[in-house]
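Please open the structure in your viewer and keep the selection box at hand, since each stop on this tour begins with something to select.

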Amino acid sequence: MAINETLSGAINEAVSEADLLNAGDARLLELFRESPPGDIPTGPLEGTGIVRWGGGGVARPLARLVRLAVWRGKVFGPGYVSNRLTTFDILAIVAQVYRAPSRLDGRECIVVDYSKISLAARGIRDEIREVGPGLYLGVVWLFGYRVGWFSLRVPEIDAPRPAGTED
């Protein structure tokens with residue numbers, strides 16, 4: 001177990017949001033599997049959608065488009081989360097938040113479960129783990145199938161966003 005914790009610590013120090021955008025599906029799987037769940041976040045987090053294929057050349061333009069038009073992140077409260085939608089930051093699509101085993105590897109993760117609260121997103125389950133200080137990697141499940149990735153980060157005042165995800 002100590003080796004796994006050491007490996008997780010080394011990964012946590014080296015990973016940034018830009019790294020996640022450039023990583024392919026295999027590297028994202030590796031990062032997710034080797035990372036601890038971390039603490040359940042509180043308050044607003046900045047989000048970036050990440051495609052499973054194509055690397056940074058595809059991920060960056062798509063992340064920018066998604067951020068401008070659709071999804072900007074999540075706001076965590078005690079036991080629930082709301083999604084931040086559109087450039088107007090509309091809070092919608094509420095889900096429950098709790099710790100549970102991941103569908104990916106059976107290890108503990110933070111689950112964002114839409115199945116009991118949301119009619120619009122009933123088939124979606126997000127799982128997140130902390131891959132760096134204040135940086136979470138999320139996997140999206142749709143009706144039990146892994147369909148995508150996203151990152152969530154605690155906002156830093158005056159911190160630059162990765163190229164291709166700026167507002």
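**A walk from ring to strand to surface**

One aromatic pair is counted in this model, by a rule under which rings of Phe, Tyr and Trp (its six-membered ring) pair if their centres lie within 6.5 Å, with planes under 30 degrees apart counted as stacked, over 60 as edge-to-face and the rest as tilted. The model is predicted, so local features need pLDDT of at least 70 and side-chain atom pairs count only at pLDDT 80 or more, whereas totals for chains, interfaces and linings use all residues. Residues are numbered from 1 along each chain as its sequence is written, and side-chain values use heavy atoms, with hydrogens and water left out.

Select Lys74 and Phe150 next: the charged end of Lys74 sits over the ring of Phe150, 5.4 Å from its centre. For this, NZ of Lys or CZ of Arg must be within 6 Å of the ring centre and within 35 degrees of the ring normal.

Now select residues 71-77, which make up strand β2; strands (E, at least two residues) and helices (H or I, at least four) are DSSP runs, numbered from the N terminus. Is this strand mostly covered or uncovered? Strand β2 is mostly covered, with seven of its seven residues buried, where buried means under 20% relative accessible area, exposed over 50% and partly exposed in between (1.4 Å probe, protein chains only).

Add residues 43-50, strand β1, which runs antiparallel to β2 and is joined to it by four bridges; two strands pair if DSSP finds at least two bridges between them. Here Gly43 stands opposite Phe76 in β2. Then add residues 80-85, strand β3, which pairs with β2 in the antiparallel sense over six bridges, Ser82 being the bridge partner of Val75. β2 and β3 form a hairpin with two residues between them, and Gly79 in the turn has a positive phi of about 85°.

Move on to Ser151 in strand β8, which is buried because its relative accessible area is 0%. Select Ile50 as well: the two residues are 101 apart in sequence and 7.3 Å apart in space, C-alpha to C-alpha.

Val147 is also found in strand β8 (residues 145-153), but Val147 counts as partly exposed because its relative accessibility is 43%.

For a last stop, select Leu31 in helix α3 (residues 25-34), which is buried because its relative accessible area is 3%. The C-alpha atoms of Leu31 and Leu137 are separated by 8.2 Å, although these residues lie 106 residues apart along the chain.
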